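Thanks for coming, everyone. Let me bring the model up on the screen, and then we can walk through it together.

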Amino acid sequence: MSRLLARLDHELAGCRDPLRRAELLAERGCHLARVGDRAGAQRIAAELRQDHGDGRASRIAVRIMLLEGLMLFFDNLDPAATDRILRAHTVALAWRHDDLIRLTAAWLAHMQFVLGDYAAMARALEPCFDRPGACREASSRVCVVLGNAHQIAGQGEAARPWYDRARHEAAELGDDATIGALVYNRPALSLITLRLDALRGRLDAGALQFAAMGIESAYAYCLGAQQYSLMQLLLVSRARVAMLGGDAAAAVTQFDALLQPADLRFGFHADRLMLEIERAACLQAAGREAEARSALDALDPALHMQLALEDQLLFLLQHAALSQALGCPARAAAWAAALAEVQGRYDSEIDRLKVALAGLQPARLA
(Lines give C-alpha, C1' and ligand atoms only; values in the text may rest on other atoms or scores of the structure.)
Protein backbone atom coordinates (compact mmCIF):
# COMPACT_ATOMS: atom_id res chain seq x y z
CA MET A 1 0.00 0.00 0.00
CA SER A 2 1.27 3.48 -0.86
CA ARG A 3 2.06 5.94 1.90
CA LEU A 4 -0.74 8.16 0.64
CA LEU A 5 -3.34 5.42 1.08
CA ALA A 6 -1.87 4.51 4.46
CA ARG A 7 -2.17 8.14 5.61
CA LEU A 8 -5.73 8.43 4.35
CA ASP A 9 -6.74 5.16 6.00
CA HIS A 10 -5.17 6.24 9.30
CA GLU A 11 -7.06 9.53 9.24
CA LEU A 12 -10.30 7.82 8.22
CA ALA A 13 -10.02 5.39 11.12
CA GLY A 14 -10.15 8.25 13.63
CA CYS A 15 -12.46 10.63 11.77
CA ARG A 16 -15.91 11.32 13.25
CA ASP A 17 -16.85 14.37 11.18
CA PRO A 18 -19.04 13.02 8.33
CA LEU A 19 -18.08 15.78 5.89
CA ARG A 20 -14.36 15.45 6.53
CA ARG A 21 -14.72 11.69 6.28
CA ALA A 22 -16.45 12.06 2.90
CA GLU A 23 -13.61 14.24 1.60
CA LEU A 24 -11.03 11.73 2.73
CA LEU A 25 -12.98 8.92 1.10
CA ALA A 26 -13.19 10.89 -2.13
CA GLU A 27 -9.45 11.55 -2.07
CA ARG A 28 -8.90 7.83 -1.51
CA GLY A 29 -11.20 7.02 -4.42
CA CYS A 30 -9.31 9.41 -6.70
CA HIS A 31 -6.05 7.66 -5.88
CA LEU A 32 -7.60 4.25 -6.55
CA ALA A 33 -8.93 5.48 -9.90
CA ARG A 34 -5.49 6.80 -10.83
CA VAL A 35 -3.74 3.49 -10.10
CA GLY A 36 -6.35 1.43 -11.94
CA ASP A 37 -8.40 -0.01 -9.04
CA ARG A 38 -11.68 0.51 -10.86
CA ALA A 39 -13.81 -1.57 -8.50
CA GLY A 40 -12.46 0.17 -5.39
CA ALA A 41 -13.03 3.62 -6.87
CA GLN A 42 -16.56 2.68 -7.95
CA ARG A 43 -17.46 1.46 -4.46
CA ILE A 44 -16.36 4.75 -2.93
CA ALA A 45 -18.18 6.79 -5.59
CA ALA A 46 -21.40 4.83 -4.96
CA GLU A 47 -21.11 5.30 -1.19
CA LEU A 48 -20.53 9.04 -1.56
CA ARG A 49 -23.41 9.41 -4.00
CA GLN A 50 -25.72 7.58 -1.61
CA ASP A 51 -24.77 9.71 1.41
CA HIS A 52 -24.03 13.08 -0.21
CA GLY A 53 -25.56 12.97 -3.68
CA ASP A 54 -28.04 15.77 -2.96
CA GLY A 55 -25.32 18.37 -3.54
CA ARG A 56 -25.97 20.31 -0.32
CA ALA A 57 -22.36 19.87 0.81
CA SER A 58 -20.59 21.76 -1.95
CA ARG A 59 -17.08 20.51 -1.19
CA ILE A 60 -18.28 16.92 -1.31
CA ALA A 61 -20.15 17.60 -4.55
CA VAL A 62 -16.92 18.85 -6.13
CA ARG A 63 -14.97 15.85 -4.84
CA ILE A 64 -17.58 13.40 -6.14
CA MET A 65 -17.57 14.93 -9.63
CA LEU A 66 -13.77 14.97 -9.68
CA LEU A 67 -13.70 11.31 -8.62
CA GLU A 68 -16.18 10.37 -11.34
CA GLY A 69 -14.17 12.29 -13.92
CA LEU A 70 -10.94 10.54 -12.95
CA MET A 71 -12.68 7.17 -13.03
CA LEU A 72 -13.80 7.85 -16.60
CA PHE A 73 -10.36 9.05 -17.62
CA PHE A 74 -8.18 6.37 -16.06
CA ASP A 75 -10.53 3.50 -16.85
CA ASN A 76 -10.61 4.17 -20.58
CA LEU A 77 -9.55 7.77 -21.24
CA ASP A 78 -13.24 8.50 -21.81
CA PRO A 79 -13.86 11.96 -23.38
CA ALA A 80 -16.75 12.47 -20.92
CA ALA A 81 -14.10 12.84 -18.21
CA THR A 82 -13.34 16.41 -19.31
CA ASP A 83 -16.96 17.49 -18.95
CA ARG A 84 -17.26 15.93 -15.50
CA ILE A 85 -14.13 17.68 -14.24
CA LEU A 86 -15.24 20.97 -15.80
CA ARG A 87 -18.48 20.65 -13.81
CA ALA A 88 -16.45 20.06 -10.64
CA HIS A 89 -14.34 23.12 -11.38
CA THR A 90 -17.44 25.27 -12.00
CA VAL A 91 -18.96 24.30 -8.66
CA ALA A 92 -15.66 24.94 -6.86
CA LEU A 93 -15.52 28.41 -8.44
CA ALA A 94 -19.13 29.15 -7.48
CA TRP A 95 -18.49 28.27 -3.82
CA ARG A 96 -14.99 29.81 -3.79
CA HIS A 97 -13.27 26.69 -2.46
CA ASP A 98 -9.78 27.86 -3.32
CA ASP A 99 -7.96 24.54 -2.88
CA LEU A 100 -10.56 22.69 -4.93
CA ILE A 101 -10.49 25.41 -7.61
CA ARG A 102 -6.79 24.71 -8.02
CA LEU A 103 -7.15 20.95 -7.86
CA THR A 104 -9.92 20.77 -10.46
CA ALA A 105 -8.10 23.35 -12.62
CA ALA A 106 -4.98 21.17 -12.56
CA TRP A 107 -6.89 18.08 -13.68
CA LEU A 108 -8.86 20.05 -16.27
CA ALA A 109 -5.55 21.27 -17.71
CA HIS A 110 -4.34 17.67 -17.79
CA MET A 111 -7.40 16.66 -19.82
CA GLN A 112 -6.90 19.52 -22.27
CA PHE A 113 -3.23 18.61 -22.67
CA VAL A 114 -4.16 15.02 -23.54
CA LEU A 115 -6.64 16.35 -26.12
CA GLY A 116 -3.92 18.54 -27.63
CA ASP A 117 -5.80 21.77 -26.87
CA TYR A 118 -2.84 23.63 -25.43
CA ALA A 119 -4.52 27.04 -25.34
CA ALA A 120 -7.34 25.60 -23.21
CA MET A 121 -4.72 23.91 -21.02
CA ALA A 122 -3.01 27.26 -20.37
CA ARG A 123 -6.33 28.95 -19.58
CA ALA A 124 -7.30 26.20 -17.18
CA LEU A 125 -4.07 26.65 -15.21
CA GLU A 126 -4.57 30.39 -14.56
CA PRO A 127 -6.18 29.91 -11.08
CA CYS A 128 -3.10 27.96 -9.94
CA PHE A 129 -0.64 30.86 -10.18
CA ASP A 130 0.01 34.05 -8.21
CA ARG A 131 -2.42 33.27 -5.41
CA PRO A 132 -1.86 33.06 -1.65
CA GLY A 133 -1.97 29.73 0.12
CA ALA A 134 -0.91 26.32 -1.08
CA CYS A 135 -2.43 23.03 -2.18
CA ARG A 136 0.23 20.36 -2.72
CA GLU A 137 -2.39 17.95 -4.06
CA ALA A 138 -2.95 20.45 -6.88
CA SER A 139 0.56 21.81 -7.35
CA SER A 140 2.16 18.42 -7.97
CA ARG A 141 -0.36 17.79 -10.76
CA VAL A 142 0.23 21.27 -12.22
CA CYS A 143 3.96 20.52 -12.29
CA VAL A 144 3.36 17.23 -14.12
CA VAL A 145 1.23 18.99 -16.73
CA LEU A 146 3.75 21.77 -17.29
CA GLY A 147 6.66 19.37 -17.45
CA ASN A 148 4.75 17.42 -20.10
CA ALA A 149 3.88 20.63 -21.95
CA HIS A 150 7.50 21.79 -22.10
CA GLN A 151 8.55 18.36 -23.32
CA ILE A 152 5.97 18.23 -26.12
CA ALA A 153 7.11 21.73 -27.11
CA GLY A 154 10.67 20.43 -27.48
CA GLN A 155 11.93 22.24 -24.38
CA GLY A 156 13.42 19.38 -22.38
CA GLU A 157 15.61 21.52 -20.13
CA ALA A 158 12.71 23.81 -19.25
CA ALA A 159 10.68 20.74 -18.30
CA ARG A 160 13.24 19.63 -15.71
CA PRO A 161 12.38 22.02 -12.80
CA TRP A 162 8.68 21.20 -13.17
CA TYR A 163 9.32 17.46 -13.14
CA ASP A 164 11.72 17.83 -10.19
CA ARG A 165 9.16 19.73 -8.12
CA ALA A 166 6.41 17.28 -9.05
CA ARG A 167 8.57 14.37 -7.95
CA HIS A 168 9.53 16.12 -4.69
CA GLU A 169 5.93 16.94 -3.76
CA ALA A 170 4.66 13.51 -4.78
CA ALA A 171 7.33 11.89 -2.61
CA GLU A 172 6.31 14.06 0.33
CA LEU A 173 2.67 13.05 -0.17
CA GLY A 174 3.55 9.38 -0.71
CA ASP A 175 1.71 9.67 -4.02
CA ASP A 176 2.84 6.65 -6.04
CA ALA A 177 0.38 7.45 -8.83
CA THR A 178 2.06 10.76 -9.62
CA ILE A 179 5.52 9.22 -9.41
CA GLY A 180 4.39 6.48 -11.81
CA ALA A 181 3.05 9.12 -14.19
CA LEU A 182 6.38 10.95 -14.11
CA VAL A 183 8.34 7.76 -14.79
CA TYR A 184 6.04 6.93 -17.72
CA ASN A 185 5.41 10.36 -19.24
CA ARG A 186 8.96 11.32 -20.13
CA PRO A 187 9.79 8.33 -22.36
CA ALA A 188 6.22 8.10 -23.67
CA LEU A 189 6.20 11.73 -24.77
CA SER A 190 9.62 11.31 -26.37
CA LEU A 191 8.08 8.52 -28.47
CA ILE A 192 5.76 11.09 -30.07
CA THR A 193 8.79 13.05 -31.29
CA LEU A 194 10.58 9.88 -32.35
CA ARG A 195 7.57 8.66 -34.34
CA LEU A 196 7.29 12.01 -36.11
CA ASP A 197 11.02 11.98 -36.83
CA ALA A 198 10.88 8.40 -38.15
CA LEU A 199 8.09 9.29 -40.57
CA ARG A 200 10.25 12.17 -41.82
CA GLY A 201 13.32 9.97 -42.19
CA ARG A 202 15.45 11.32 -39.35
CA LEU A 203 15.13 8.87 -36.46
CA ASP A 204 17.80 9.20 -33.72
CA ALA A 205 18.80 5.65 -32.74
CA GLY A 206 20.37 6.82 -29.48
CA ALA A 207 17.24 8.69 -28.45
CA LEU A 208 15.15 5.62 -29.27
CA GLN A 209 17.36 3.42 -27.10
CA PHE A 210 17.04 5.90 -24.23
CA ALA A 211 13.25 5.97 -24.62
CA ALA A 212 13.12 2.16 -24.70
CA MET A 213 15.02 1.99 -21.40
CA GLY A 214 12.64 4.55 -19.93
CA ILE A 215 9.58 2.54 -20.98
CA GLU A 216 11.00 -0.61 -19.40
CA SER A 217 11.82 1.28 -16.19
CA ALA A 218 8.29 2.65 -16.10
CA TYR A 219 6.86 -0.83 -16.67
CA ALA A 220 8.89 -2.24 -13.78
CA TYR A 221 7.93 0.64 -11.48
CA CYS A 222 4.21 0.47 -12.25
CA LEU A 223 4.19 -3.31 -11.85
CA GLY A 224 5.93 -3.06 -8.49
CA ALA A 225 3.71 -0.20 -7.31
CA GLN A 226 0.58 -2.01 -8.58
CA GLN A 227 -0.25 0.98 -10.75
CA TYR A 228 -2.26 -0.81 -13.40
CA SER A 229 -3.86 2.22 -15.05
CA LEU A 230 -0.72 2.77 -17.16
CA MET A 231 -0.13 -0.85 -18.16
CA GLN A 232 -2.06 -0.75 -21.44
CA LEU A 233 -0.30 2.46 -22.45
CA LEU A 234 3.05 0.92 -21.57
CA LEU A 235 2.27 -2.08 -23.78
CA VAL A 236 1.40 0.30 -26.61
CA SER A 237 4.73 2.05 -26.04
CA ARG A 238 6.56 -1.29 -26.17
CA ALA A 239 4.97 -2.07 -29.52
CA ARG A 240 6.00 1.33 -30.85
CA VAL A 241 9.58 0.84 -29.65
CA ALA A 242 9.68 -2.45 -31.58
CA MET A 243 8.21 -0.73 -34.64
CA LEU A 244 10.73 2.13 -34.54
CA GLY A 245 13.59 -0.27 -33.81
CA GLY A 246 12.92 -2.23 -37.00
CA ASP A 247 11.52 -5.36 -35.37
CA ALA A 248 8.34 -5.28 -37.43
CA ALA A 249 7.37 -8.91 -36.79
CA ALA A 250 7.49 -8.45 -33.00
CA ALA A 251 5.57 -5.18 -33.30
CA VAL A 252 2.79 -6.89 -35.31
CA THR A 253 2.45 -9.54 -32.61
CA GLN A 254 2.20 -6.88 -29.93
CA PHE A 255 -0.30 -4.76 -31.88
CA ASP A 256 -2.39 -7.88 -32.54
CA ALA A 257 -2.59 -8.59 -28.81
CA LEU A 258 -3.57 -4.99 -28.05
CA LEU A 259 -6.27 -4.91 -30.74
CA GLN A 260 -7.71 -8.34 -30.02
CA PRO A 261 -10.67 -7.16 -27.90
CA ALA A 262 -12.92 -5.81 -30.65
CA ASP A 263 -14.94 -3.57 -28.33
CA LEU A 264 -11.99 -2.02 -26.50
CA ARG A 265 -11.29 1.66 -27.12
CA PHE A 266 -7.90 3.29 -26.72
CA GLY A 267 -8.00 6.83 -25.45
CA PHE A 268 -10.10 9.70 -26.61
CA HIS A 269 -12.54 8.73 -29.37
CA ALA A 270 -10.55 6.78 -31.96
CA ASP A 271 -7.03 6.16 -30.69
CA ARG A 272 -7.57 2.54 -31.73
CA LEU A 273 -7.35 3.89 -35.27
CA MET A 274 -3.75 4.94 -34.61
CA LEU A 275 -2.79 1.44 -33.50
CA GLU A 276 -4.45 -0.09 -36.54
CA ILE A 277 -2.51 1.99 -39.04
CA GLU A 278 0.75 1.38 -37.17
CA ARG A 279 0.02 -2.34 -37.29
CA ALA A 280 -0.59 -2.05 -41.04
CA ALA A 281 2.75 -0.26 -41.46
CA CYS A 282 4.48 -3.03 -39.53
CA LEU A 283 2.84 -5.66 -41.72
CA GLN A 284 4.25 -3.92 -44.77
CA ALA A 285 7.70 -3.62 -43.16
CA ALA A 286 7.59 -7.34 -42.33
CA GLY A 287 6.96 -8.19 -45.99
CA ARG A 288 3.29 -9.09 -45.53
CA GLU A 289 2.10 -6.64 -48.19
CA ALA A 290 -1.25 -8.25 -49.02
CA GLU A 291 -2.25 -8.13 -45.35
CA ALA A 292 -0.96 -4.56 -45.05
CA ARG A 293 -3.01 -3.50 -48.07
CA SER A 294 -6.12 -5.16 -46.66
CA ALA A 295 -5.56 -3.48 -43.28
CA LEU A 296 -5.11 -0.08 -44.94
CA ASP A 297 -8.24 -0.58 -47.07
CA ALA A 298 -10.25 -1.25 -43.91
CA LEU A 299 -9.35 2.14 -42.40
CA ASP A 300 -11.36 5.31 -42.91
CA PRO A 301 -8.84 8.19 -43.03
CA ALA A 302 -11.63 10.70 -42.31
CA LEU A 303 -11.70 9.39 -38.73
CA HIS A 304 -8.38 11.14 -38.12
CA MET A 305 -10.42 14.21 -37.14
CA GLN A 306 -11.55 12.41 -33.98
CA LEU A 307 -7.98 11.96 -32.73
CA ALA A 308 -5.98 14.29 -30.51
CA LEU A 309 -4.06 16.79 -32.62
CA GLU A 310 -0.63 15.15 -32.53
CA ASP A 311 -2.23 11.80 -33.39
CA GLN A 312 -4.01 13.40 -36.33
CA LEU A 313 -0.62 14.43 -37.66
CA LEU A 314 0.96 11.05 -36.94
CA PHE A 315 -1.96 9.20 -38.56
CA LEU A 316 -1.89 11.24 -41.77
CA LEU A 317 1.90 11.02 -42.06
CA GLN A 318 1.73 7.25 -41.52
CA HIS A 319 -1.13 6.96 -44.00
CA ALA A 320 0.85 8.83 -46.65
CA ALA A 321 4.02 6.80 -46.04
CA LEU A 322 2.19 3.48 -46.11
CA SER A 323 0.21 4.40 -49.21
CA GLN A 324 3.44 5.23 -51.02
CA ALA A 325 5.15 2.03 -49.78
CA LEU A 326 2.25 -0.05 -51.08
CA GLY A 327 2.34 1.62 -54.49
CA CYS A 328 -0.80 3.73 -53.96
CA PRO A 329 0.41 7.33 -54.47
CA ALA A 330 -3.08 8.48 -55.46
CA ARG A 331 -4.36 7.50 -52.04
CA ALA A 332 -1.65 9.60 -50.38
CA ALA A 333 -2.36 12.52 -52.74
CA ALA A 334 -6.06 12.45 -51.84
CA TRP A 335 -5.21 13.33 -48.25
CA ALA A 336 -2.29 15.68 -48.91
CA ALA A 337 -4.39 18.80 -48.31
CA ALA A 338 -5.68 17.42 -45.00
CA LEU A 339 -2.12 16.58 -43.95
CA ALA A 340 -0.92 20.10 -44.78
CA GLU A 341 -3.80 21.61 -42.80
CA VAL A 342 -3.14 19.45 -39.74
CA GLN A 343 0.60 20.11 -39.95
CA GLY A 344 -0.08 23.86 -40.00
CA ARG A 345 -2.47 23.60 -37.08
CA TYR A 346 -0.01 21.51 -35.09
CA ASP A 347 2.84 23.94 -35.72
CA SER A 348 0.64 26.86 -34.68
CA GLU A 349 -0.45 25.10 -31.49
CA ILE A 350 3.15 24.34 -30.55
CA ASP A 351 4.12 27.98 -31.18
CA ARG A 352 1.21 29.18 -29.02
CA LEU A 353 2.15 26.68 -26.36
CA LYS A 354 5.69 28.02 -26.19
CA VAL A 355 4.33 31.55 -25.76
CA ALA A 356 1.95 30.42 -23.00
CA LEU A 357 4.74 28.60 -21.17
CA ALA A 358 7.24 31.45 -21.41
CA GLY A 359 5.95 33.37 -18.40
CA LEU A 360 5.29 30.44 -16.10
CA GLN A 361 7.85 29.68 -13.41
CA PRO A 362 7.65 27.28 -10.43
CA ALA A 363 8.11 30.25 -8.07
CA ARG A 364 4.73 31.64 -9.21
CA LEU A 365 2.92 28.43 -8.37
CA ALA A 366 0.88 28.57 -5.18
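I will start with the whole chain and then go to single helices and residues.

First, a caution. This is a predicted model. Please keep that in mind throughout.

Now the overall build. How many helices and strands are there in the protein? There are 18 helices and 0 strands. The radius of gyration is 21 Å, and the globule rule gives 21 Å for 366 residues, so the protein is as compact as a globular protein of that length. Along the principal axes, the C-alpha atoms fill a box of roughly 70 × 40 × 35 Å.

What about the inside? Of the 366 residues, 54% are buried. Next, contacts. Take those between residues at least 6 apart in sequence. Of these, 64% join residues at least 24 apart.

On to the outside. The protein exposes about 15800 Å². Carbon and sulfur atoms supply 54% of that area. As for charge, there are 40 positive and 44 negative side chains. The centres of the two sets lie 3 Å apart.

Let us take one helix in detail. Helix H1 covers residues 3-13. Which of its residues are buried? They are Leu4, Leu5, Leu8 and Leu12. Seen down the axis of H1, these buried residues fall within an arc of 95°, so they line one face of the helix. The general background is simple. An α-helix has 3.6 residues a turn, so residues three or four places apart point the same way.

And the face of H1 turned away from the buried side? That face carries the exposed residues Arg3, His10 and Ala13. So much for the outer side. What covers the buried residues of H1? The cover includes helix H2, residues 18-35, and helix H9, residues 156-173.

Now helix H6, residues 98-115. Look at Leu103, which lies in H6. Is Leu103 buried or exposed? Leu103 has a relative accessible area of 1%, and buried means under 20%, so Leu103 is buried. Leave aside its neighbours within four places in sequence. Leu103 is then in contact with Arg63, Leu66, Glu137 and Ala138. Take Ala138 from that list. Leu103 and Ala138 are 35 residues apart in sequence, and their C-alpha atoms are 4.3 Å apart in space.

Step back along the chain to helix H5, residues 80-95. Trp95 lies in H5. Its relative accessibility is 53%, and exposed means over 50%, so Trp95 counts as exposed. From Trp95 to Ala166 is 71 residues in sequence and 28 Å in space, C-alpha to C-alpha.

Next, two loop residues. Where is Arg96 placed? Arg96 sits in the loop between helix H5 and helix H6. Its phi is positive, about 55°, although Arg96 is not a glycine. For context, most residues other than glycine have a negative phi. Arg96 counts as exposed, at 74% relative accessibility.

The second one is Asp130. Asp130 lies in the loop between helix H7, residues 118-125, and helix H8, residues 136-152. Asp130 has a positive phi of about 55°, and it is not a glycine either. With 54% relative accessibility, Asp130 counts as exposed.

Last, two alanines and their distances across the model. Ala290 is found in helix H15, residues 289-297. Ala290 is exposed, at 63% relative accessibility. How far apart are Ala290 and Thr104 in space? C-alpha to C-alpha, they are 49 Å apart, with their positions 186 residues apart in sequence.

Then Ala334, in helix H17, residues 329-334. Ala334 has a relative accessible area of 59%, which makes it exposed. Its C-alpha atom is separated from that of Val62 by 47 Å. Along the chain, Ala334 and Val62 are 272 residues apart.

To recap briefly. The model is predicted. It has 18 helices and 0 strands. The buried residues of H1 line one face of that helix. Arg96 and Asp130 each have a positive phi without being glycine. That is my tour.

How values were computed. Residues are numbered from 1 along each chain as its sequence is written. This is a predicted model: local features need pLDDT of at least 70, side-chain atom pairs count only at pLDDT 80 or more; totals for chains, interfaces and linings use all residues. Side-chain values use heavy atoms; hydrogens and water are left out. Helices (H or I, at least four residues) and strands (E, at least two) are DSSP runs, numbered from the N terminus. The radius of gyration is taken over C-alpha atoms; the globule rule is 2.2 Å times the number of residues to the power 0.38. Buried means under 20% relative accessible area, exposed over 50%, partly exposed in between (1.4 Å probe, protein chains only). Contact means heavy atoms within 4.5 Å. Accessible areas come from the Shrake-Rupley method with a 1.4 Å probe; for residues, only the protein chains shown count as cover. Lys and Arg count as positive and Asp and Glu as negative; His and the chain ends are not counted. The place of a charge is taken as NZ of Lys, CZ of Arg, CG of Asp or CD of Glu. The arc is that of the directions from the helix axis to the C-beta atoms.
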